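User: I should like to learn how the features of a protein model are read, beginning with the elements of its fold. Please give the general idea before each case.

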Amino acid sequence: MTAALQNDYPPEGGWTTDDLDALPADGRRRELLDGVLLVSPSPTRIHQTIAMRLGVALEEECPDDYDVTQAVEVRINRTRSFIPDVLVTTSTAAAREPSRYEPHEVVLAVEIVSPSTRSIDRVLKPTLYAQAGIPFYWRIEVEDDGLVVHTYRIDAVNEVYRETGRWTKFVDTGEPFPVNLSIARITPRRR
């Protein structure tokens, strides 16, 4: 594993979550897609501000059976592992104080789209989160005229998400719990 990282060659058979566990805790965001190691660039100030503000806003409305956190790994299987920007889990799972969650413990995964992750956040992650059975997915897009929050609910039979809303002023949904959130509240200040 260490030789693979130093030589830019993946381990024979591809990367696994065991390999992730052996990597240094150096602050890099590493995810796995079918044994391929994905390393994302550091997030921008805007990205991090949205994640922070959304986490605080959801935490204020979050019932006791759930917990809100940011950037904690979700291990889908041995060769797939992702880190949602914001996530809501069961409070039982959060009580373990985990460094990672199993998909059945995650109620909502939120991704904030960055230029370098556009296709991953719009297409790939929702497909794989739905296949893993995560009930709700939100995608936040940063557009010239403001933020757009897209909300989705799983169609468990077909293992796909169905859009439940496209929000530009307020997110007003009862899923996964009642949320009435002003988009202005999570929008970073322009500098």
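Analyst: Helices and strands are DSSP runs, numbered from the N terminus; a helix has at least four residues and a strand at least two. The model shown here is predicted. Asp34, for example, lies in the loop between strands S1 and S2.

User: How many helices and strands are there in the protein, and how compact is it?

Analyst: The protein has six helices and 13 strands. Its radius of gyration is 17 Å, close to the 16 Å that the globule rule gives for 191 residues, so the protein is as compact as a globular protein of that length. Taken along the principal axes, the box filled by the C-alpha atoms is roughly 50 × 40 × 30 Å. Among contacts with a separation of 6 or more, 51% join residues 24 or more positions apart.

User: What share of the residues is buried, and what area does the protein expose?

Analyst: Buried residues account for 48% of the 191. The protein exposes about 10,100 Å², of which carbon and sulfur atoms supply 49%.

User: Which residues have an unusual backbone, and how is this recognised?

Analyst: Most residues other than glycine have a negative phi, and most peptide bonds are trans. Asp34 is not a glycine, yet its phi is positive, about 50°. Glu97, also not a glycine, has a positive phi of about 55°; its place is in the loop between helix H4 (91-95) and strand S7 (100-101). The peptide bond that joins Glu175 and Pro176 is cis, with omega about 0°. Pro176 belongs to the loop between strand S12 (170-173) and strand S13 (179-182).

User: Are Asp34 and Glu97 buried, partly exposed or exposed?

Analyst: Asp34 has a relative accessibility of 45% and therefore counts as partly exposed. Glu97 is exposed, because its relative accessible area is 68% and the cut-off for exposed is over 50%.

User: How does one find empty space, and what is the largest pocket like?

Analyst: Rolling a probe the size of a water molecule over the atoms shows where empty space is left. The largest pocket here has a volume of about 320 Å³. It is lined by 17 residues, and those closest to its centre are Leu20, Arg28, Arg30, Glu73 and Ile83. Helix H2 (17-22), strand S1 (29-33) and strand S4 (73-77) each supply at least two lining residues. By class, the lining of this pocket comprises seven nonpolar, two polar and eight charged residues.

User: Which residues lie nearest the centre of the second largest pocket?

Analyst: Ser40, Pro41, Ser114, Ser116 and Thr117 do, out of 20 lining residues. The volume of the second largest pocket is about 270 Å³. Its lining divides into seven nonpolar, seven polar and six charged residues, and S1, strand S2 (36-40), S8 and H5 each contribute at least two of the lining residues.

User: Where is Thr117 found, and is it buried or exposed?

Analyst: Thr117 is in the loop between strand S8 (106-112) and helix H5 (118-131). Its relative accessibility is 14%, so Thr117 counts as buried. Apart from neighbours within four places in sequence, Thr117 is in contact with Ser40 and Ile112.

User: How many cavities of 30 Å³ or more does the structure hold, and which residues line the largest?

Analyst: There is one such cavity, and about 50 Å³ of space lies in it. Arg45, Ile46, Val142, Leu147, Thr187, Pro188, Arg189 and Arg190 line the largest cavity; four of the lining residues are nonpolar, one is polar and three are charged.

Key:
Residues are numbered from 1 along each chain as its sequence is written. This is a predicted model: local features need pLDDT of at least 70, side-chain atom pairs count only at pLDDT 80 or more; totals for chains, interfaces and linings use all residues. Side-chain values use heavy atoms; hydrogens and water are left out. Buried means under 20% relative accessible area, exposed over 50%, partly exposed in between (1.4 Å probe, protein chains only). Contact means heavy atoms within 4.5 Å. On a 1 Å grid over the protein atoms alone, a cavity is a set of points where a 1.4 Å probe fits but cannot get out, and a pocket is an open set with protein on both sides within 12 Å along at least five of seven lines; lining residues have an atom within 4 Å of a point. Grid points are joined across faces, edges and corners, and a volume is the space filled by probe spheres set on the points. Ala, Val, Leu, Ile, Met, Phe, Trp, Tyr, Cys and Pro count as nonpolar, Asp, Glu, Lys and Arg as charged, and the others, Gly among them, as polar. The radius of gyration is taken over C-alpha atoms; the globule rule is 2.2 Å times the number of residues to the power 0.38. Accessible areas come from the Shrake-Rupley method with a 1.4 Å probe; for residues, only the protein chains shown count as cover.
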